[in-house]
Amino acid sequence: MTFSNEPNRRQQAQPHRDAVECNGMAIPFQYCRSRRRTLGMTVRPDKSVVVRAPLHASLGDIRDFVSRRAAWIAKVWREFDSRPPNLSQSYGSGATFLFQGRGYALTVVRGAAESVVLRGDSLVVAAPDELDALNIRRLIDTWYRDQALSIFREREIECHRRMEAEGFPLPPIVIRLMKSRWGSYSYRTGRITLNLNLIKALPACLDYVIIHELCHVKLRHHGPDFWRFVARYVPNHAGLRKQLNRIG
């Protein structure tokens with residue numbers, strides 16, 4: 001009879017629980033080993049951390065991997081905490097979704113692959129299998145973010161070009177969901193953060209927020225001089241702010 005120290009397949013797939021502490025932050029996680037070559041990690045919306053490891057990875061290897069990713073895990077947790085609840089949005093057929101200030105009716109169809117496209121007055125979500133509301137939301141959220149990555153950068157370049165006489169460099173952009181702001185400028189990092197939900201607003205509203213934050217590169221306050229500076233590039237900024245308030 002031959003004995004082997006290798007766990008059987010059922011044991012390999014069973015999840016185990018552990019935790020590490022980094023800079024005073026406890027990170028509980030689940031891990032399971034399988035026939036893969038590298039360590040991988042997923043942070044779920046409920047903030048649980050799941051690690052997938054090769055068969056040869058020791059618990060020490062897995063703990064080190066989690067510790068090295070601690071800053072990234074904390075960042076993802078903060079993003080989940082800042083994500084506003086979307087209790088009023090329906091994900092049923094015919095529901096309205098805003099994109100650049102215009103409403104589109106949701107249509108869910110079967111397709112060869114997962115996709116989201118605008119077709120006329122419809123936002124068409126396709127997938128090989130039947131989709132529930134959570135997966136429809138996942139696909140639409142991903143589509144919104146992909147659109148924002150392209151459009152926000154394009155508009156920032158154009159707004160910066162309009163302000164080239166001011167002589168400041170083009171700041172990098174960060175996109176995330178924000179609870180109470182449409183945008184912000186960090187004097188420490190020199191970055192502009194834009195609210196993902198701006199993808200739902202009129203292009204003119206997006207441009208206003210970008211120019212507002214670009215103006216903060218030169219002026220750190222919201223005094224009269226600041227608003228005169230904004231008005232030089234967006235004379236109707238007050239009306240655009242009112243339109244933004246209607247979105248949320």
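**Helix packing and sheet arrangement in a predicted model**

Helices α5 and α7 are roughly perpendicular to each other, where angles of 65 to 115 degrees count as roughly perpendicular, under 35 as roughly parallel, over 145 as roughly antiparallel and the rest as oblique. The axes of α5 (residues 203-215) and α7 (residues 237-247) come within 9 Å and cross at roughly 115°. Axes are lines fitted to C-alpha atoms, for helices over the stretch in contact, and angles run from 0 to 180 degrees between N-to-C directions. The crossing of α5 and α7 is left-handed, a term used if the near helix is turned anticlockwise from the far one by less than a right angle, with right-handed used if clockwise. On the α5 side the contact (heavy atoms within 4.5 Å) is made by Ala-204, Cys-205, Tyr-208 and Val-209, and on the α7 side by His-237, Leu-240, Arg-241, Gln-243 and Leu-244. These residues comprise 6 nonpolar, 2 polar and 1 charged; Ala, Val, Leu, Ile, Met, Phe, Trp, Tyr, Cys and Pro count as nonpolar, Asp, Glu, Lys and Arg as charged, and the others, Gly among them, as polar.

The model is predicted, with local features requiring pLDDT of at least 70 and side-chain atom pairs counting only at pLDDT 80 or more, while totals for chains, interfaces and linings use all residues. Residues are numbered from 1 along each chain as its sequence is written, and side-chain values use heavy atoms, with hydrogens and water left out.

The secondary structure comes to 7 helices and 11 strands, taken as DSSP runs (H or I, at least four residues, for helices; E, at least two, for strands) and numbered from the N terminus. Of the 248 residues in the protein, 39% are buried, that is, under 20% relative accessible area, with exposed meaning over 50% and partly exposed in between (1.4 Å probe, protein chains only).

Helix α5 also packs against α4, at an angle of about 60° and with the axes 9 Å apart. That makes α4 oblique to α5, and the crossing is right-handed. Helix α4 contributes Ile-151, Phe-152, Arg-155, Glu-156, Cys-159, His-160 and Arg-162 to the contact, and α5 contributes Leu-206, Asp-207, Ile-210, Ile-211 and Leu-214. By class, 7 residues are nonpolar, 1 is polar and 4 are charged.

One open sheet has 4 strands in the order β1-β2-β4-β3, with mixed pairing; two strands pair if DSSP finds at least two bridges between them. Strands β1 (16-22) and β3 each have a single partner strand, so one side of each is left without a neighbour in the sheet. Neighbouring strands are turned by 30° against each other on average, direction ignored. Strands β2 (residues 25-34) and β4 (residues 49-54) are parallel and share 5 bridges, and Arg-33 has Ala-53 of β4 as its bridge partner. Val-43 lies in β3 (residues 40-43) and is buried, at 11% relative accessible area. Helix α2 (residues 59-68) lies across β1, β2, β3 and β4, at about 130° to β2.

Another open sheet of 4 strands follows the order β5-β6-β8-β7, again with mixed pairing. Its edge strands, β5 (96-99) and β7 (115-119), each pair on one side only. The average turn between neighbouring strands is 35°, direction ignored. Strand β5 runs antiparallel to β6 (residues 102-110), joined by 4 bridges, and Phe-99 is partnered with Arg-102 of β6. Helix α4 (residues 133-162) lies across β5, β6, β7 and β8 (122-127), running at about 15° to β5.
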